[in-house]
Amino acid sequence: MQVCLASTSPARLALLNQAGIEPLPLAPEVDEEAVIADIERGEGRTLPADEHVLVLARRKAADVAGRVLEVLPDFDGIVIGGDSMFELDGEILGKPYTPEAATARWQAMRGRTGVLHSGHAVIRVRAGASEHPEAHAVARASVSFAADVTDAEVAAYVATGEPLLVAGAFTVDSLGAPFIERVDGDPSTVVGMSLSAIRRLARELGVEWTDLWNRIP
């Protein structure tokens, strides 16, 4: 049973590796901003975080599922798509991209708790199959930040570049971990993908998680 990860995220790849799976990573060809803008314009509303991440997870998985057989004509397994957003007091916080934005974000998050929303989509793909069924879900985990994080610590962390390209401007599995006091929910959700959610979705499609193991020590 094969696994294709519709992402080139090092964090998501590492999560699967740690869980005994070496997937084929394929970058989805999805214009995320355009997808959300089209939906919001058509529906005349702003998508809440849960809908936002689920829409993008499903689009990414569908895009890669449509191409994986071109790369591996005999593919028989699942394609996993994901997307994450951090919400603090009702405000959705994506990737900050600039040091200035990351610094302001951390100064605002100190001593507060937000929610990480992670969308998941799993598609069962088999060469020659007429249909490729899908299962999807959103996982959430709350993250509480230490109140005593100093401006000097924020500056040093931002200078590493790590928080610039991650949802919410923090990591729980790397340099940002010591500044986080508590995580309620599946910790892997905060890294970028809930492994327990992926396991449940795979089972919905008739795939057992242990059948996906391909790198057990």
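**Around the main pocket**

The largest pocket is lined by 36 residues, and R12, D83, S84, K95 and L165 are the ones nearest its centre. Here a pocket is an open set of points on a 1 Å grid over the protein atoms alone, where a 1.4 Å probe fits, with protein on both sides within 12 Å along at least five of seven lines; lining residues have an atom within 4 Å of a point. This is a predicted model, so to speak of local features takes pLDDT of at least 70, and side-chain atom pairs count only at pLDDT 80 or more, while totals for chains, interfaces and linings use all residues. Numbering runs from 1 along each chain as its sequence is written, and side-chain values use heavy atoms, without hydrogens or water.

Which elements give two or more residues to that lining? They are α1 (10-18), α2 (32-43), α3 (49-65), β3 (76-88) and α7 (187-191), with helices (H or I, at least four residues) and strands (E, at least two) taken as DSSP runs numbered from the N terminus. By class, the lining has 18 nonpolar, ten polar and eight charged residues; Ala, Val, Leu, Ile, Met, Phe, Trp, Tyr, Cys and Pro count as nonpolar, Asp, Glu, Lys and Arg as charged, and the others, Gly among them, as polar.

Now for α2 and α3 themselves. Their axes come within 11 Å and cross at roughly 125 degrees, which makes α2 oblique to α3. Axes are lines fitted to C-alpha atoms, for helices over the stretch in contact, and angles run from 0 to 180 degrees between N-to-C directions; oblique is what remains outside under 35, over 145 and 65 to 115 degrees. In contact (heavy atoms within 4.5 Å) are E32, V35, I36 and I39 of α2 with H52, V55, L56, R59 and K60 of α3.
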